[in-house]
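Let's take a friendly walk through a protein model, going from one residue to its helix and on to the core. Have a look at the structure below before reading on.

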Amino acid sequence: MNIAVGTKNNTKVKAVKAAFHEAHYTIISSDVQPSVSKQPFSDEETLQGAIERATLAVCKQQAHIGIGLEGGVFVAQNGGIWLCNWGALVDRDGVVVVAGGARIPLPAEIGEQLRSGKELAEVMDEYANRRDVRSNEGAIGILTNGAIDRTTMYTHIVHMLKGQYEHQKKGWIDR
């Protein structure tokens, strides 16, 4: 079974490979561009990006399943900015399954830079004094002192997508 991942980002591709590790799965990364901002700024926009990535990937690669993973931020009721991430699984038949992941508050100085229009990846590189944080531990890895990294965070989401999809395909009805 071919699974298209709507990104070339190694942390996201590794997450899909970790969840779909069985030999009968072939994972194909696909460079797709969702219509959302480079820095999604709400749960809704981040989720939309994940769904679009999955849909574009499954169509572009003519795969059985498409997986989209999108990171973003949202403004909490208290005005603070939080990290969020969403995933979507779309199959050829139009079935769509979604799941969200870890959420943590971002330091105020990061939030200020995001409000001024910078992208989290750029801000995190400066904040951590590193290059390409998004392709390595991610903001979650920096801000949790390595307790959880970006691949692990997304692997959790992909497991939820896979489990929900398997549940639906077995014909179970939500009660």
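In which helix is the place of Thr155? Thr155 sits in helix α6. Keep in mind that this is a predicted model.

## Starting from Thr155

Is Thr155 buried or exposed? Its relative accessibility is 11%, and buried means under 20%, so Thr155 counts as buried. Setting aside neighbours within four places in sequence, Thr155 is in contact with Ala15 and Ala18.

## Two helices side by side

Ala15 and Ala18 bring us to helix α1, as both belong to the contact that α1 makes with α6. Helix α1 covers residues 10-19 and helix α6 covers residues 150-169. The two pack at an angle of about 45°, and their axes are 8 Å apart. The helices are therefore oblique to each other, and α1 passes α6 in a right-handed crossing.

Which residues make this contact? From α1 come Thr11, Lys12, Lys14, Ala15, Val16, Ala18 and Ala19. From α6 come Arg150, Thr151, Tyr154, Thr155, Val158, His159 and Lys162. Sorted by character, the residues of this contact are six nonpolar, four polar and four charged.

## What α1 packs against

Within α1, the buried residues are Thr11, Lys12, Val13, Ala15, Val16 and Ala19. These buried residues pack against α6 and also against three strands: β1 (2-5), β2 (26-29) and β3 (65-75).

An α-helix has 3.6 residues a turn, so residues three or four places apart point the same way. You can look for this pattern as you turn the model.

## The nonpolar core

In soluble globular proteins, nonpolar side chains tend to be buried together. Here, the largest nonpolar core has 36 residues, and Val16, Phe20, Ile67 and Leu120 touch the most other members. Helix α6 gives the largest share of this core, six residues.

Which residues does Ile67 meet beyond its neighbours within four places in sequence? Ile67 is in contact with Ile3, Ala4, Val5, Gly6, Val16, Phe20, Ala54, Ala88, Leu89 and Leu161. Apart from the largest core lies another core, of 12 residues, including Ala4, Ala57, Phe74 and Ala88.

## A last stop at Val90

Val90 is found in strand β4 (residues 81-91). At 6% relative accessibility, Val90 counts as buried. Leaving aside neighbours within four places in sequence, its contacts are Ile51, Ala54, Thr55, Val58, His64, Ile65, Gly66, Val95 and Val96. Val90 and Ile3 are 87 residues apart in sequence, and their C-alpha atoms are 9.9 Å apart in space.

Terms used: Residues numbered from 1 in each chain as written. Predicted model: local features only at pLDDT ≥ 70, side-chain atom pairs only at ≥ 80, totals over all residues. Heavy atoms only, no water. Axes fitted to C-alpha atoms, helices over the stretch in contact; angles between N-to-C directions. Helix = DSSP H or I, 4+ residues; strand = E, 2+ residues; numbered from the N terminus. Parallel < 35°, antiparallel > 145°, perpendicular 65-115°, else oblique. Left-handed = near helix turned anticlockwise from the far one by under 90°. Contact = heavy atoms within 4.5 Å. Nonpolar A, V, L, I, M, F, W, Y, C, P; charged D, E, K, R; others polar. Core = buried A, V, L, I, M, F, W, Y, C linked by side-chain atoms within 4.5 Å. Buried < 20%, exposed > 50% of the residue type's maximum accessible area, 1.4 Å probe, protein only.
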